Amino acid sequence: MADAAVLDRAFQVIMRRMVNTGQAPHYTELAAALGYAVREGRQVLHDVLDAFLPGWLYPETDYIASFAPFSNLPTQYRISVAGRQRWFAQCGFESLAVTWLFPGEVVRIEAPCLDCNEPLVLEMRDGNLLGAE
């Protein structure tokens, strides 16, 4: 397993890419960002997912499916920032955590009720609820 400093750098690369684009990097991109060979980048990806958080790969692949609080796979928890819907949350609980990754920005969370399909909308800024529909 990679040492703590490498795991921290890998975590930061993945999280920054998710925040900036709404998409997780491929392990080849992670390797390049860390200055590693592709094979080492793949191993670091597995190490960071084993070490840190509730995140996982698509089954039988090396593609990030989820990296809390984000989902790289579309979910019903749609996240918009500055009017752009680029992000998906891992779950309803994690959708609330996304606000901390966009300081000073209004984060809009939209999801259908999984019981009645009525729309649910929250707007938050810096962890504070601004409005709910």
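## Charge and overall dimensions

The chain carries 10 positive and 16 negative side chains, and the centres of these two sets are 8 Å apart. The model is a predicted one. Its accessible surface comes to about 7400 Å², and 53% of that area belongs to carbon and sulfur atoms.

Along the principal axes, the C-alpha trace spans about 50 × 30 × 20 Å. The radius of gyration is 16 Å, which agrees with the value near 14 Å for a compact globule of 133 residues. Of the 133 residues, 39% count as buried.

## Secondary structure and contact range

Four helices and eight strands make up the list of elements in the chain. In sequence order they follow the pattern α-α-α-β-β-β-β-β-α-β-β-β. Three helices thus open the pattern, five strands come next, and one helix and three strands close the series.

For contacts between residues at least 6 apart in sequence, 41% join residues at least 24 apart.

## Gln90 and its surroundings

Gln90 sits in the loop that runs between strand 5 (84-89) and helix 4 (92-97). Its relative accessible area is 16%; the cut-off for buried is under 20%, so Gln90 counts as buried. A polar atom of the Gln90 side chain lies 2.8 Å from the backbone oxygen of Pro54.

Leaving aside residues up to four places away in sequence, Gln90 touches Pro54, Gly55 and Trp56, along with Ser66, Phe67, Ala68, Pro69, Phe70, Ser71 and Thr75. Pro54 therefore appears both in this contact list and, through its backbone oxygen, in the 2.8 Å pair with the Gln90 side chain, while Gln90 itself is buried at 16%.

## The cis bond before Pro69

Two of the residues touched by Gln90, Ala68 and Pro69, are joined to each other by a cis peptide bond. Omega for this bond is about 10 degrees. Pro69 is placed in the loop between strand 2 (64-67) and strand 3 (70-71).

## Positive phi outside glycine

Ala82 has a phi near 55 degrees, a positive value in a residue other than glycine. The residue belongs to the loop between strand 4 (78-81) and strand 5. With a relative accessibility of 55%, Ala82 counts as exposed, because the cut-off for exposed is over 50%.

Asn117 also has a positive phi, of about 70 degrees, although it is not a glycine. Its place is the loop between strand 6 (107-112) and strand 7. Asn117 is exposed as well, at 56% relative accessibility.

## Pro119 in strand 7

Pro119 is found in strand 7, which covers residues 119-125. Its relative accessible area is 58%, so Pro119 is exposed.

Outside the residues up to four places away in sequence, Pro119 touches Ala111, Pro112 and Glu133. The C-alpha atoms of Pro119 and Ala132 are separated by 11 Å, with the two residues 13 apart along the chain.

Methods: Residues are numbered from 1 along each chain as its sequence is written. This is a predicted model: local features need pLDDT of at least 70, side-chain atom pairs count only at pLDDT 80 or more; totals for chains, interfaces and linings use all residues. Side-chain values use heavy atoms; hydrogens and water are left out. Helices (H or I, at least four residues) and strands (E, at least two) are DSSP runs, numbered from the N terminus. Buried means under 20% relative accessible area, exposed over 50%, partly exposed in between (1.4 Å probe, protein chains only). A polar contact is a pair of N or O atoms within 3.5 Å; within protein, one must be able to donate a hydrogen and the other to accept it, and residues adjacent in sequence count only if both atoms are side-chain atoms. Contact means heavy atoms within 4.5 Å. The radius of gyration is taken over C-alpha atoms; the globule rule is 2.2 Å times the number of residues to the power 0.38. Accessible areas come from the Shrake-Rupley method with a 1.4 Å probe; for residues, only the protein chains shown count as cover. Lys and Arg count as positive and Asp and Glu as negative; His and the chain ends are not counted. The place of a charge is taken as NZ of Lys, CZ of Arg, CG of Asp or CD of Glu.
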